[in-house]
Amino acid sequence: MDQTISIGAQSFEFIRKNECFFIDKTGLIKEWWENKDIVTLIARPRRFGKTLNLDMMNCFFSKEYEGRSELFEGLSVWEDEKYRKLQGSYPVIFLSFADIKGESFEETKKGIKHALEKLYSAHKYVKDAKGMDEKDLEFFDSVSHRMPDDVAVLALKYLSDYLECYYGKKALIFLDEYDTPLQEAYVHGYWKEMAGFIRRMFNSAFKTNPSMERSVLTGITRVGKESIFSDFNNLTVVTVTCESYRSWFGFTQEEVSFALKWMGMEGEEENVKKWYDGFTFGSKRNMYNPWSITNFLKYKEYKPYWANSSSNGLVSLLIREGSAHTKVVMEGLMKGGFFETEMDEEIIFEQLHKKYGAIWSLLLASGYLKVTGKRFSQETGAVTYRLELTNREVFLMFRTLIHDWFSGEDVPYNEFIKALLLGDVKAMNRYMNKVALATFSYFDSAKKPSNGAEPERFYHGFVLGLMVELAGRYQVASNRESGFGRYDVMLCPCEIEDPAFVMEFKVHDPQEEDSLEQTAKAALKQIEEKRYDSELIAQGISKERIRHYGFAFEGKKVLIL
């Protein structure tokens, strides 16, 4: 097979014309057409071929590509005479929101308007339709990046009307990455305005549009129905746990094995599996991210291609500002563990900071977690999912995110680690107070922060930082039983010459202690009385090698003894 691997090509026509490496996913066309659903929303992680697949469907159905049989000859869809007759037979509206991002509502809205202006320019031939009257032509010409909101909201619906008028056939609408502006809106604080604007546009385009035959929307998340798709009764939602379309986005194990064999790299299959396998769609396991695989095939180097391919800002924000429990769960996941939770796959952005399980639903939809088991309760009807990190690539991404929390110029975290290992308590106090001052509010949600909650958020974020900075040298554990209680942090050395550490964190209570020093001493006393050393001693570490530290917090002040 003489094919070039093209990185970043999202044009189906370009790939086919230039004989680039391509895994046949035209079965998607047949499955979608046979399902006969009116509005289909397919949620898949980024870089899973959503844009290429929608472009493929555009090339197949659009009148613009009528007679272009060479694009599909040799592919599975072309084996069926019924589908050969369908090729190039519908007017198609193809639009992408993938690049529409902005730090303000006005900036992002303007991006949508620019996209609509470009779309109208591509279909300006419809102005020659016999059924177009003066009002239609006036509306058509009013679509520009300067148009008022009420014109933008109706633009997709009216273009469907114009296409039906021109071709005598209802239009198909393909909208790629529909939720990109919504995620931007949440991160930058203009969610309500953007959700209202998108809701109005979608209601006119997909709910009350007599000139639309069918439509497909793709995105990463299934945005809450009440947020965007209110009162939709024609919407079919396909999430990562659904059986529909399970093989068409991403590469299957068979396809990856074939590609490696084609490249003469069969011996790499086991390592490729560790790095890039792990995605699950419905009951289809062992799915791979196409971006990572194509990059690996081209460059033959193991790297986190997918995890570093675009911004992970929302994920970092939600974990960093998440509750202490969120950070505890992340600690377990980073150690290769799992956790179980009930979960609603409908993402309600307004509830990401307060609804239990919302963050895990987002991480699953985004591809950072995988389902490795689930239980259905006959009594409650609830589904409990068992979740793990997807693969090594995702693990390395989270390591980078956590490292970045503590890597600012005003956060001397590495200096604190050096002082800790040297046993320099004076330097530990100096650096820890700088770290705490810089990061306390950073780890709180900034939405009516509670002073009582800040030390706990900080403490568990601090533990994640220790895990990243000391990886390979120490095993970091927190909140586990040892002796007669639960210690806060334990560092167990991997090498015999390194010391071990037990740390206890306490918030100063003026009703119980007169000073911060008394609080720190109480923390040290608890380590002794509860015999937290027991776990380390049981592992053969002598008492002389174990260091105890009591951390006392008062506001943003810290004292270590």
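Which residues point one way from β1, and which the other way? Keep that in mind, everyone, and I'll come back to it in a moment.

First, a word of caution: what we're looking at is a predicted model. The protein chain has 561 residues, and 56% of them count as buried. It's built from 21 helices and 19 strands, and the C-alpha trace spans about 90 × 55 × 50 Å along its principal axes. Take the contacts between residues at least 6 apart in sequence: 72% of those join residues at least 24 apart.

Okay, back to β1, which covers residues 39-43. V39, L41 and A43 point one way, while T40 and I42 point the other way. Buried or exposed, you ask? All of them are buried, so to speak a full house: five of five.

Who sits beside this strand? β4, residues 212-219, pairs with β1 in the parallel sense over five bridges, and there L41 stands opposite L217. β6 pairs with β1 too, again in the parallel sense, over four bridges. In that pairing, V39 stands opposite L235.

Now let's follow β6 onward. In the loop between β6 (235-238) and α10 (253-262) you'll find T241. Why does T241 count as buried? Because its relative accessibility is 18%, and the cut-off for buried is under 20%. Leaving aside neighbours within four places in sequence, T241 is in contact with G282, E345, L364 and Y385.

Last bit, the charges. The chain carries 74 positive and 84 negative side chains, and the centres of those two sets lie 1 Å apart. That's me done, thanks!

Conventions: Residues numbered from 1 in each chain as written. Predicted model: local features only at pLDDT ≥ 70, side-chain atom pairs only at ≥ 80, totals over all residues. Heavy atoms only, no water. Helix = DSSP H or I, 4+ residues; strand = E, 2+ residues; numbered from the N terminus. Buried < 20%, exposed > 50% of the residue type's maximum accessible area, 1.4 Å probe, protein only. Contact = heavy atoms within 4.5 Å. Lys, Arg positive; Asp, Glu negative; His and termini not counted. Charge placed at Lys NZ, Arg CZ, Asp CG, Glu CD. Pairing = 2+ DSSP bridges.
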